[in-house]
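Notebook open. I wanted to go through the ring contacts, the cysteines and the internal cavities, one after another.

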Amino acid sequence: MQELISDTMIETVVNLFKKPLCSETSLKSYPNGNEPDNRGIREKSKTKETKEVRENQEIEELNTALHQEITRLFGRSLAIREVDCGSDNAAEIELGNLSSPYYDIERFGITFVASPRHADALMVTGAVTCAMADALRKTYDATPNPKIVIAIGDDACTGGIWKGSYAVLGGIDTVIPVDLKIPGNPPRPVEIIKSLLTLLKSREK
């Protein structure tokens, strides 16, 4: 067995353990053995936190103003019926986010209802497909007056990328009157809140 382990092999193993754990290149990146400078990362983190605080304040102020307008016009709450006329569900995701704990619009008097007979407003998404046009008219007729119709997203506003297709009629206003168009693909929840607030401020009690 001793014959199998040559002096060369022993020397190789000894030299292997003599090598430093860090290469010279990596040691140069930490001069004098100091810790790496993370000030840039900490500054970015502070900037991100500050931006989030500002956004939270803006959403709180918008929702408070929205609640005041809803109280002025409707007394207690604004009930919304969402109608999907052929969307790709992108707008539905953003509408769902309005009820998430982050935006929490129900706390400020906006609720989504299942029946148009209980609704003050319709939020309509997607370009109107030929198959959904009659359902949209019936939903509009079933909503009590005075009703508000809001088109959510580019497809609902103009037909979007589906405009001119044989399967769609176009934007919502090709079928029913529209009070507010909120463009975007899809519009962000904060844009929906801002647009809705602008519409309510312009309406008389």
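My entries follow in the order I looked things up.

**Aromatic rings.** I kept in mind that this is a predicted model. I looked for aromatic pairs and got one. It is Tyr 102 with Tyr 103, ring centres 4.9 Å apart. The planes sit at 85°, so I put the pair down as edge-to-face, since anything over 60 degrees counts as that. Then I checked how far each partner is covered. Tyr 102 is partly exposed at 43% relative accessible area, whereas Tyr 103 comes out at 13% and counts as buried.

**Charge over a ring.** Next I looked for a charged end sitting over a ring. I noted Lys 147, whose charged end lies over the ring of Tyr 140, 4.1 Å from the ring centre.

**Cysteines.** How many disulfides does the structure hold? I found zero. I looked up two cysteines anyway. Cys 157 is buried, with 8% relative accessible area, while Cys 130 is partly exposed at 45%.

**Cavities, the count.** I moved on to enclosed space and got two cavities of 30 Å³ or more.

**Largest cavity.** I have this one at about 90 Å³. Its lining includes Ser 87, Asp 88, Gly 126 and Ile 152, and also Asn 185 and Pro 186. Which elements give two or more residues to this lining? They are α4 (90-98) and α6 (154-158). Ala 90 and Ala 91 are on the lining list, as are Asp 154 and Asp 155. I also sorted the lining by character: four nonpolar, five polar and three charged residues.

**Second largest cavity.** This one holds about 40 Å³ of space. Among the residues lining it I wrote down Leu 66, Ile 80, Leu 98, Ile 105 and Met 123. Here β2 (110-112) and α7 (189-202) are the elements that give two or more residues. Ile 110 and Phe 112 are both in the lining, and so are Ile 192, Ile 193 and Leu 196. Which element gives the most? That is α7, with three residues. The sorting by character was quick: 10 nonpolar, no polar and no charged.

**Side by side.** I set the two linings next to each other before closing the page. The largest cavity has three charged residues around it, whereas the second largest has no charged ones.

Conventions:
Residues are numbered from 1 along each chain as its sequence is written. This is a predicted model: local features need pLDDT of at least 70, side-chain atom pairs count only at pLDDT 80 or more; totals for chains, interfaces and linings use all residues. Side-chain values use heavy atoms; hydrogens and water are left out. Rings of Phe, Tyr and Trp (its six-membered ring) pair if their centres lie within 6.5 Å; planes under 30 degrees apart count as stacked, over 60 as edge-to-face and the rest as tilted. Buried means under 20% relative accessible area, exposed over 50%, partly exposed in between (1.4 Å probe, protein chains only). A charge sits over a ring if NZ of Lys or CZ of Arg is within 6 Å of the ring centre and within 35 degrees of the ring normal. A disulfide is a pair of cysteine sulfur atoms within 2.5 Å. On a 1 Å grid over the protein atoms alone, a cavity is a set of points where a 1.4 Å probe fits but cannot get out, and a pocket is an open set with protein on both sides within 12 Å along at least five of seven lines; lining residues have an atom within 4 Å of a point. Grid points are joined across faces, edges and corners, and a volume is the space filled by probe spheres set on the points. Helices (H or I, at least four residues) and strands (E, at least two) are DSSP runs, numbered from the N terminus. Ala, Val, Leu, Ile, Met, Phe, Trp, Tyr, Cys and Pro count as nonpolar, Asp, Glu, Lys and Arg as charged, and the others, Gly among them, as polar.
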